[in-house]
Amino acid sequence: MGLEVHGLTVRFGETTAVREVDLSVLDGEVLALLGPSGCGKSTLLRTVAGLERPTAGAVRWNGRDLDAVPVHQRRFGMVFQDGQLFPHRDVAGNVGFGPRMRGVGGAARAARVAELLELVGLAGYGARRVTDLSGGEAQRVALARALAADPELLLLDEPLSALDRMLRERLAVDLAALLGQGPSTALVVTHDHDEAFTLADRVAVMARGAVLQADTPALLWRHPADDEVAEFLGCTTFLPATVRDGTATCALGTVEVTAKDGDARLGLRAAGVRAERARPDVPGGAEPVGTVRERVHRHDHVRLAVNVPEFGRVEAVAHIADAPAIEDEVRLRLDPDGIALVGGD
Ligand SMILES: Nc1ncnc2c1ncn2[C@@H]1O[C@H](COP(=O)(O)OP(=O)(O)OP(=O)(O)O)[C@@H](O)[C@H]1O
């Protein structure tokens, strides 16, 4: 059954941090709450944890209303952005803290600690001082400490955001594997798209306290419910299109889509529009041609703003090798991987 949130509203004075949210996390599922700063993600997570009281609505675990259940009786494990380890205990002391409080004896506790450290990739770290750990190691210890309590639900609040980019990407993959190993049910708060898409079975996009859409990463990416979700997920140009036999035709050309015949609305991300320098010696097809107005280097591509006559500005990408320069003429080709079908069913 898992977690169910019904009509949840949380207010702080005049501020409505969470607004009539309905959400469920199924047993064994990892759900990410994704949204910009201040959209209410942490408040929603903290309310599930029991750290905030709902103004209205209910939080249920396996069908049981948690309103009267205090934090420590909810059997939920929590990991915060900065880990919040006990600085005066070593790694084993931190991981074994919960079991020790529950009266688990020395040998059994040591075995459990060793098992958990192995799980988070820190075998042999038991005697290390937590103040000497790197940020990534400290977050792994925090995760092992949360898992030590055998939580029924893991609540992770920006667990990787204090780490640098390389480490964050690696740890997100490790964490996804770790959450996928057992029957872990987890709710993860993040403002990082990649992290949400890497970790979660489903992602709930939030704005202004409300959940706009909760779906699998693949569905969210290809079928955002409306323009706001599409924009949040990187779409910069919106166009009406006509679909016929799996091909959508719009003002910027044609692209393969999975949609039924009829009218549709396309959301184009920069990566959905590929630009190549127009060569006078190579005759063009039906692709639109435009002039490069802006150009910036990204880590694995060049991003362009292209002006297309009678259409206007279009964001596009090009390969770094032989990238077009400002004022160059480019041909544009649509790439289905970067294009969303907005709304509809
Ligand atoms: N204890 C509090 N008292 C008053 N207002 C609060 C409190 N906690 C949160 N808020 C307000 O509620 C809104 C939602 O905050 P919340 O921290 O849940 O957002 P968030 O999406 O997690 O943002 P961030 O990613 O920046 O942490 C914000 O306007 C915030 O200022």
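This report describes a predicted model of a protein, from its general build to one helix, its nonpolar core and the surroundings of its ligand.

## General build

The protein contains 9 helices and 20 strands. Its C-alpha atoms fill a box of roughly 80 × 45 × 40 Å along the principal axes.

Of the 345 residues in the protein, 41% are buried. Among contacts with a separation of 6 or more, 64% join residues that are 24 or more positions apart.

## Helix H5

Helix H5 covers residues 135-148, which amounts to 14 residues. From its first C-alpha to its last the helix reaches 20 Å, close to the 20 Å expected at 1.5 Å a residue. Just after H5, Asp150 takes a positive phi of about 45 degrees.

Because 12 of the 14 residues of H5 are buried, this helix is largely enclosed by the rest of the structure. The buried residues include Gly136, Gln139, Arg140 and Arg145, as well as Val141, Leu143 and Leu147. Several alanines are also buried, among them Ala138, Ala142, Ala144, Ala146 and Ala148.

The cover over these buried residues comes from both helices and strands. Helices H2 (91-95), H3 (97-101), H4 (106-119) and H6 (165-181) are included in it, as are strands S6 (76-79) and S7 (153-157).

## The largest nonpolar core

The largest nonpolar core has 102 residues, and those with the most contacts inside it are Leu187, Ala204, Val273 and Ala316. H5 supplies the largest share of this core, with 8 residues. Domain 1 (3-222) and domain 2 (227-342) both give residues to the core, so the core lies between them.

Ala316 illustrates these contacts. Leaving aside residues up to four places away in sequence, Ala316 touches Ala270, Val273, Arg274, Ala275, Leu304, Val306 and Leu332. Val273, one of these partners, is itself listed with Ala316 among the core residues with the most contacts.

## Around the ligand

The residues around the ligand are Phe12, Thr15, Ala17, Gly35, Ser37, Gly38, Cys39, Gly40, Lys41, Ser42, Thr43 and His191. Two elements, strand S2 (15-25) and helix H1 (41-49), give two or more residues to this shell. The largest share, 3 residues, comes from H1.

By class, the shell has 8 polar residues, 3 nonpolar residues and 1 charged residue.

Definitions and conventions:
Residues are numbered from 1 along each chain as its sequence is written. This is a predicted model: local features need pLDDT of at least 70, side-chain atom pairs count only at pLDDT 80 or more; totals for chains, interfaces and linings use all residues. Helices (H or I, at least four residues) and strands (E, at least two) are DSSP runs, numbered from the N terminus. The expected span of a helix is 1.5 Å times one less than its number of residues. A residue is buried if 20 or more other C-beta atoms lie within 10 Å of its own, exposed if 12 or fewer, and partly exposed in between; C-beta atoms are placed from the backbone. Two residues are in contact if their C-beta atoms, placed from the backbone, lie within 7 Å. A nonpolar core is a set of buried Ala, Val, Leu, Ile, Met, Phe, Trp, Tyr and Cys residues joined through C-beta atoms within 7 Å. Domain bounds come from an automatic or database domain assignment. A residue is near a molecule or strand if its C-beta atom, placed from the backbone, lies within 6 Å of it. Ala, Val, Leu, Ile, Met, Phe, Trp, Tyr, Cys and Pro count as nonpolar, Asp, Glu, Lys and Arg as charged, and the others, Gly among them, as polar.
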